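Work through these exercises with the model open beside you. Try each task before you read its solution.

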Amino acid sequence: MTISIRSVEKQFARYPALRGVSLEVQPGELLALLGPSGSGKTTLLRIIAGLEFPEAGQVAFDDQDVTFASAAARKVGFVFQQYALFRHMTVAKNIAFGLDVRKAKDRPARAEINRRVEELLGLVELGGLGGRYPAQLSGGQRQRVALARALAVSPQVLLLDEPFGALDATVRKSLRKELRRIHNATGVTTIFVTHDQEEALDLADRVAILNQGSIEQVGTPQEVYEQPASAFVCSFVGETNRFDGAVSGGRFVCGSVSLAVDCADGPKTAFVRPHDLVVAPDGFEAQIVRVTAQGPVIQIEAQTASDQPIEISLARQDAGSIAVGLTLRLAARKIHLFDPAD
Amino acid sequence: MSPRSSTQDPWWVRALVLSLVAVFLGLILVLPLVSVFAEALRQGLGPALEAMSTPDATASIKLTLLTAAVAVPFNIVFGVAAAWAVAKHEFWGKSLLISLIDVPFSVSPVVAGLIYVLIFGSHGWFGSWLIDHNIKIIFAVPGIMLATLFVTFPFVARELIPLMQEQGVDEEEAAASMGAGGWMTLWRVTTPNIRWGLLYGVLLCNARAMGEFGAVSVVSGHIRGLTNTMPLHVEILYNEYDFVGAFSVAALLCLLSILTLILKGLLEMLQPQVRRAGR
């Protein structure tokens with residue numbers, strides 16, 4: 001199912017949460033809404049779910065306008081940040097809830113509901129735990145129950161709010177794979193909210209990056225990483241070194257940093273990824289402050305002659321001799337230039 | 001200094017704290033309870049039972065039970081509705097509603113009774129209209145009901161509001177996103193989560209409804225066999241130096257309270273998984 005969001009606006013008290021957001025989500029897609037806290041990503045998700053309603057704009061599922069349809073009418077599965085499992089019901093009852101509350105004529109037979117619950121427990125690898133109560137489960141297990149419960153009603157859309165936010169790092173990693181697997185198995189259009197760029201890039205087919213209530217860029221993980229549309233996207237997605245300077249006669253200059261660019265003159269902000277910095281005999285100077293060698297990549301913290309701290313990632317074989325106190329000469333393989341508006 | 005858990009306190013601290021608790025409990029709770037029953041049974045079980053079964057006493061028992069039977073369901077409905085509105089929704093005048101719910105806690109029950117006399121009494125605002133239509137509220141059963149409702153008003157709501165606020169609206173939103181309507185959500189998600197708080201509120205409400213003296217005393221008129229509740233009947237008997245009678249009715253009132261406590265215990269035992277689940 002295609003989800004179309006057209007110029008949606010939402011205001012909370014006096015500050016705007018969403019300012020004219022438009023987004024098209026393709027059928028079967030796994031899309032991440034990525035942004036810092038307060039960027040409006042959760043609000044957008046709740047508007048898609050029908051838990052909030054916009055002041056202006058339109059939400060459409062396929063060609064049907066659902067802007068003011070209730071959450072119940074939209075047939076969406078929603079996984080809450082704190083899971084919101086019904087604490088007085090067993091796992092099986094939780095998962096069956098969406099089917100149990102249907103009107104008698106639409107409700108599957110008890111045996112059919114039980115079969116569906118078992119099937120979902122199997123899908124999220126919780127077979128045999130149907131009789132437990134939420135309080136008896138670990139965080140990761142609760143997350144799986146929440147996912148199974150949301151899928152029980154065979155939703156047209158699955159929405160997840162910070163699905164891995166409350167979990168520790170190892171569980172988070174394995175559940176990420178799990179979500180991908182379940183997405184592939186069910187093929188349901190899925191949107192999840194996250195503030196973790198690594199999570200978004202790792203898991204999503206496409207990423208929508210929000211900042212201060214607006215979408216800055218929508219694209220595949222590779223696109224937003226390699227061709228960031230704004231200074232915000234460039235600094236939010238992935239590690240980067242920022243230089244505020246100016247371009248003059250084909251060179252970008254910021255203090256002692258000088259880089260060859262192909263761009264008209266004027267004040268600019270330049271971003272260079274740590275792995276886009278390379279050792280070059282005619283490059284700018286930077287003195288090594290700290291070296292972390294993990295695996296094939298060496299992470300270097302250094303300081304330019306004009307005292308700006310920078311980060312460099314060098315492949316071990318390209319690094320040559322590296323030690324704290326040494327001075328490197330560096331050039332940039334790739335530079336992202338933006339007007340210094342932000 | 002290494003941190004010490006309470007279980008590592010020296011024995012004499014534990015002994016001191018425990019005996020302090022025991023002494024206070026004994027003096028303030030156990031001793032009066034025991035003495036009520038001791039006084040009631042001073043001349044044996046026979047006179048005590050006789051005092052409880054006089055027509056005036058049985059009338060007061062019936063009236064007290066009837067009052068509680070009206071006040072408790074009303075407060076369940078109002079309390080759940082008010083708590084639900086306050087805890088799960090935002091609306092204009094919310095803080096005013098919360099303050100209003102607290103009024104019966106802050107106003108003396110005697111004043112509450114007097115207010116009803118002022119409004120519904122024969123010289124009150126609606127007095128002449130009520131007399132014209134032959135409706136008796138003050139010095140009659142409806143007045144007792146009103147006064148009892150007033151003083152028991154906050155119990156259920158006050159018990160539920162913090163509980164429901166703490167639980168938030170996540171589960172309700174989850175239910176809505178799975179297609180449950182408002183009633184379905186209230187019945188299957190909200191109410192089960194608050195049942196123990198609700199039960200506790202009902203117990204408090206019931207105890208107060210049966211035991212209220214001040215407000216009921218003002219509007220009752222103390223007509224024996226008609227408008228005397230059990231607490232009022234105890235006072236009348238006591239003032240007439242019928243100590244066995246007074247303490248017998250008082251003992252029965254105590255028994256009713258103990259009975260509700262036992263009921264609560266039984267209900268909790270029947271639902272073991274709830275304690276496992278945390279509430």
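**Exercise 1. A helix and its surroundings**

Is helix α11 (residues 230–239) of chain B largely enclosed by the rest of the structure or left open? Give the reason, then find what the helix packs against.

*Solution.* Keep in mind that this is a predicted model.

Step 1. Apply the cut-off: a residue is buried when its relative accessible area is under 20%.

Step 2. Count. In α11 of chain B, 7 of the 10 residues are buried, so the helix is largely enclosed by the rest of the structure.

Step 3. Name them. The buried residues of α11(B) are B:Met230, B:Pro231, B:Leu232, B:His233, B:Val234, B:Ile236 and B:Leu237.

Step 4. Find the partners. These buried residues pack against four helices of chain B: α3 (55–88), α9 (182–211), α10 (214–220) and α12 (243–270).

**Exercise 2. One residue of α3**

Is B:Thr64 buried or exposed? List its contacts beyond its sequence neighbours.

*Solution.* Step 1. Locate the residue. B:Thr64 sits in helix α3 of chain B.

Step 2. Check its accessibility. The relative accessible area of B:Thr64 is 2%, so this residue is buried.

Step 3. Set aside the neighbours within four places in sequence. B:Thr64 is then in contact with B:Met210, B:Thr229, B:Met230 and B:Pro231.

Step 4. Link this to Exercise 1. Both B:Met230 and B:Pro231 are among the buried residues of α11(B).

**Exercise 3. Chain B as a whole**

How many helices and how many strands are there in chain B? Add its extent, burial, contacts, surface and charges.

*Solution.* Step 1. Chain B has 13 helices and 0 strands.

Step 2. Take the extent. A box of roughly 60 × 60 × 35 Å, set along the principal axes, holds the C-alpha atoms of chain B.

Step 3. Look at burial. Chain B has 279 residues, and 41% of them count as buried.

Step 4. Turn to contacts. Take those in chain B between residues at least 6 apart in sequence: 72% of them join residues at least 24 apart.

Step 5. Check the surface. About 15600 Å² of chain B is exposed, and carbon and sulfur atoms supply 71% of that area.

Step 6. Place the charges. Chain B carries 16 positive and 18 negative charges, and their mean positions lie 7 Å apart.

**Exercise 4. A mixed sheet in chain A**

What is the strand order in the open sheet of 6 strands in chain A? Then find its edges and examine β8.

*Solution.* Step 1. The order is β6-β7-β8-β3-β9-β10, and the pairing is mixed.

Step 2. Find the edges. β6 (76–79) and β10 (214–219) of chain A each have a single partner strand, so one side of each lacks a neighbour in the sheet.

Step 3. Add the turn. Neighbouring strands of this sheet are turned by 15° against each other on average, direction ignored.

Step 4. Pair β8. Strand β7 (residues 157–161) of chain A runs parallel to β8 (residues 189–194) of chain A, with 5 bridges between them. In this pairing A:Leu160 is matched with A:Phe192 of β8(A), and A:Asp161 with A:Val193.

Step 5. Pair the other side. Strand β3 (residues 30–34) of chain A is also parallel to β8(A), again over 5 bridges. Here the bridge partner of A:Leu30 is A:Thr190.

Step 6. Check the cover. In β8(A), 6 of 6 residues are buried. One side holds A:Thr189, A:Ile191 and A:Val193, the other A:Thr190, A:Phe192 and A:Thr194; both faces are covered.

**Exercise 5. An antiparallel sheet and two positive phi angles**

Which strands are the edge strands of the open sheet β17-β16-β15-β18 of chain A? Next, look for positive phi angles outside glycine.

*Solution.* Step 1. The pairing in this sheet of 4 strands is antiparallel. Its edge strands are β17 (309–315) and β18 (327–332) of chain A, each pairing on one side only. From one strand to the next, the twist averages 50°.

Step 2. Follow one pair. Strand β16 (residues 297–304) of chain A and β17(A) share 7 bridges. A:Ile298 is opposite A:Leu314 of β17(A).

Step 3. Recall the rule. Most residues other than glycine have a negative phi.

Step 4. Find the exceptions. In the loop between β16 and β17 of chain A lies A:Asp307, with a positive phi of about 70°. In the loop between α11 and α12 of chain B lies B:Tyr241, with a positive phi of about 60°.

Step 5. Check exposure; the cut-off is over 50%. A:Asp307 has 55% relative accessible area, so this residue is exposed. B:Tyr241 reaches 68% and is exposed too.

How values were computed: Residues are numbered from 1 along each chain as its sequence is written. Chains are lettered from A and ligands numbered from 1 in the order in which they are written. This is a predicted model: local features need pLDDT of at least 70, side-chain atom pairs count only at pLDDT 80 or more; totals for chains, interfaces and linings use all residues. Side-chain values use heavy atoms; hydrogens and water are left out. Buried means under 20% relative accessible area, exposed over 50%, partly exposed in between (1.4 Å probe, protein chains only). Contact means heavy atoms within 4.5 Å. Accessible areas come from the Shrake-Rupley method with a 1.4 Å probe; for residues, only the protein chains shown count as cover. Lys and Arg count as positive and Asp and Glu as negative; His and the chain ends are not counted. The place of a charge is taken as NZ of Lys, CZ of Arg, CG of Asp or CD of Glu. Two strands pair if DSSP finds at least two bridges between them. Axes are lines fitted to C-alpha atoms, for helices over the stretch in contact, and angles run from 0 to 180 degrees between N-to-C directions.
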